[in-house]
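Open the structure in a viewer and keep the sequence beside it. This tour gives a series of selections, with a note on what is found at each stop.

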Amino acid sequence: MDKILRINMGADGGPQATAVPVGEYAGLGGRALTSTLVGKEVPPTCHALSDENKLVIAPGLLTGTAATTSGRLSVGCKSPLTGTIKEANAGGQGGQTLGRLGYAALVLEGKPATDDLYKVFINKDGVTITVANDLKMLPNYDLIERMKQAHGDKIACISIGPCGEMKMASATVAVTDMELRPTRHAGRGGVGAVMGAKQVKVIVLDDTGMGMRRPKDPEKFNEANKKFAEGLKKHPITGEALPAYGTNVLTNIINEAGAYPTYNFSHGRFEGAHLISGETEAETETARGGQATHGCHRGCMIRCSGIYHDKDGHFLTKQPEYETVWAHGGNCGISDMDAIAMLDFLDDNYGVDTIEMGVAVGVAMEAGIAKFGDAQAAIDMVKEVGKGSHLGRILGAGAEVTGKAFGVERVPVVKGQALPAYDPRAVQGIGVTYATSTMGADHTAGYAVTANILKVGGDVDPLSNQGQMELSRNLQIATAAVDATGMCLFIAFAVLDQPETFQALIDMINAFYGLSLDADGVMALGKQIIKVEKDFNTRAGFTKAHDRLPRFFQREPLGPHNVTFKVSDEDLDAVFMEEIFAS
Ligand code: SF4
């Protein structure tokens, strides 16, 4: 991965692709590369949909290698949803394929002067960019069928659905999985709208003739990879719970903890949770001939994904993730798993973020647009989004806009981005992450649910304000580093609990690149990434006053524990005080 492919969509005479050496971005991958490049090259005050913004698509440092579970792809830009810097992360085959083609990143720049839509095709021989107006407004599944007909089934695709073309602030960038279905999404922050603004419908990747990326020291690399895989296998979460039940194993756990945001964040437990739990979901998938254990890309050891069939045994969607099941389920009072699976399919097909969409629908339900628990009304609303009707445009702009349009006070967003599936009153550590992350409310930025609820990597009382600031800070720094490697974040469970598994990860990076990093070096990389992101946000006009949860979390006690969010503003301000970056 020694070159960057820059595609200037606004070049005179039509889009132009140029492969350039990585240069000053050498040694960076994934989120480290997307955030550094956006920080250096995008004016922080630009409009996110303007020609000044850039969409950076980067495999991680180990992506495209034999390292297990390392196929993640980072998508970065200035976010049209939050106005902050953004990195959204996806599994699927796109990362591995782009890495094997030798690109450290693909950068979409500028904007066409006409309203033409484009297809980009990349293989070992180079890059072809063609006008593809026949693909306009195609949903993701139909689009990928067309790509299969045109290019065969040895490809990987990175695409947008109609919502990306309509430049909705909740639009995603879809990545195809091992079955060449558009099921994996860089979901958060409206990155799909930026790809839509560049007028690129699909990037088709064909790595035929390209081998796996080779380590500098193959012997040491293979040894470390083996130890790392053993570590993932022996941890109860990465070796048992996630493979058996997927991420939705969390529904019963979080509901039991009283931290399951229900009816638009007004209760902490959902009476219908058992009907939409991971256990029920896996049982249904197996009974209908789907798959409860499945990898979203080749080489994943954990295999937390799955395949969901309808009542007649036909493919409906991939296994809906915990966040999706919650957003469209408990958050909207819906306990019909088939309806939730249909909503997941519609979101993937139109190309919208399942979290943002579920929370926007919940806010609309609070406004009385439909009743909580009305699954058909939720499906109808998401179909409006796909059509781009006036109601659909409001919902597709996200939960904050929906709340403003319909006069709702309880709108769970930070920096304009919807809160995920853990109520910050009952998991105070994740509340610190929501408030202070450089990305807006994002559970993956510093998953304090680990020590707060799962008792992984420590034990911090979830209902207390004590220790949450330090917990969130350390996790946010470590996560930024993991996001640079291309490793799936779920490795963190094993890495946090098992020092030898963490060491194996460091050994793998060192053997691949011929480095001598230690644990402090990994944390220094994480700090450097966050520093770059905070600097961008500051120059975009964000201050400490934006690092806050909505006031209702401090004013409305959440049952069953009757707790409010108690972490002080001083603690929130201390998460990333200057001294952190000096050390
Ligand atoms: S653990 Fe799950 S999300 Fe992560 S790479 Fe594997 S299948 Fe994909």
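Select helix H16 first, then show its surroundings: the buried residues of this helix pack against strand E16 (413–414), helix H17 (449–454), helix H18 (468–485) and helix H23 (569–574). Keep in mind throughout that the model on screen is predicted. H16 spans residues 428–436, and 9 of its 9 residues are buried, so "buried" here stands for under 20% relative accessible area. To colour them, pick Gln428, Gly429, Ile430, Gly431, Val432, Thr433, Tyr434, Ala435 and Thr436.

**Helix H23 and a pocket**

Leave H23 on display, for it returns at the next stop. Which elements give two or more residues to the lining of the second largest pocket? They are helix H21 (519–539), H23 and helix H24 (578–582). H21 gives the most, with 5 residues. To find the middle of this pocket, select Lys534, Thr538, Lys544, Phe576 and Glu578, which lie nearest its centre among the 20 lining residues. The volume of the second largest pocket is about 410 Å³. Colouring its lining by class gives 6 nonpolar, 6 polar and 8 charged residues.

**Arg31 and the second largest cavity**

Now go to helix H1 (residues 30–41) and select Arg31, which lies in it. Is Arg31 buried or exposed? Arg31 counts as buried because its relative accessibility is 4%, and the cut-off for buried is under 20%. Show the side chain of Glu533 as well: the side chain of Arg31 makes a polar contact with it at 2.8 Å. Leaving aside residues up to four places away in sequence, Arg31 touches a set of residues that includes Ser74, Glu87, Met439, Asp483, Ile529 and Glu533. Thr438 and Ile530 are also among the residues that Arg31 touches.

Arg31, Thr438 and Ile530 belong to the next selection too. Add Ala445 and Gln476 to them, and the lining of the second largest cavity is on screen. This cavity has a volume of about 30 Å³. Its lining is made up of 2 nonpolar residues, 2 polar residues and 1 charged residue.

**The largest cavity**

How many cavities of 30 Å³ or more are there? The count is 2. The largest has a volume of about 50 Å³. To see what lines the largest cavity, select Asp177, Glu179, Arg181, Thr183, Arg184, His294, Cys296, Gly306, Ile307, Phe315 and Lys318. Strand E14 (305–309) and strand E15 (315–318) are the elements that give two or more residues to this lining. By class, the lining of the largest cavity holds 3 nonpolar, 3 polar and 5 charged residues.

**Strand E6 and its partners**

For the last stop, select strand E6, residues 103–109. This strand is mostly covered, with 7 of its 7 residues buried. Which way does strand E1 (residues 3–8) run beside E6, parallel or antiparallel? The two pair in the parallel sense, over 6 bridges. To look at one position in E6, pick Glu109 and find Asn8 opposite it.

Then add strand E3 (residues 55–59), which runs antiparallel to E6 and is joined to it by 3 bridges. Here the residues to pick are Val56 and Val107: Val56 stands opposite Val107 in E6.

Note on methods
Residues are numbered from 1 along each chain as its sequence is written. This is a predicted model: local features need pLDDT of at least 70, side-chain atom pairs count only at pLDDT 80 or more; totals for chains, interfaces and linings use all residues. Side-chain values use heavy atoms; hydrogens and water are left out. On a 1 Å grid over the protein atoms alone, a cavity is a set of points where a 1.4 Å probe fits but cannot get out, and a pocket is an open set with protein on both sides within 12 Å along at least five of seven lines; lining residues have an atom within 4 Å of a point. Grid points are joined across faces, edges and corners, and a volume is the space filled by probe spheres set on the points. Helices (H or I, at least four residues) and strands (E, at least two) are DSSP runs, numbered from the N terminus. Ala, Val, Leu, Ile, Met, Phe, Trp, Tyr, Cys and Pro count as nonpolar, Asp, Glu, Lys and Arg as charged, and the others, Gly among them, as polar. Buried means under 20% relative accessible area, exposed over 50%, partly exposed in between (1.4 Å probe, protein chains only). A polar contact is a pair of N or O atoms within 3.5 Å; within protein, one must be able to donate a hydrogen and the other to accept it, and residues adjacent in sequence count only if both atoms are side-chain atoms. Contact means heavy atoms within 4.5 Å. Two strands pair if DSSP finds at least two bridges between them.
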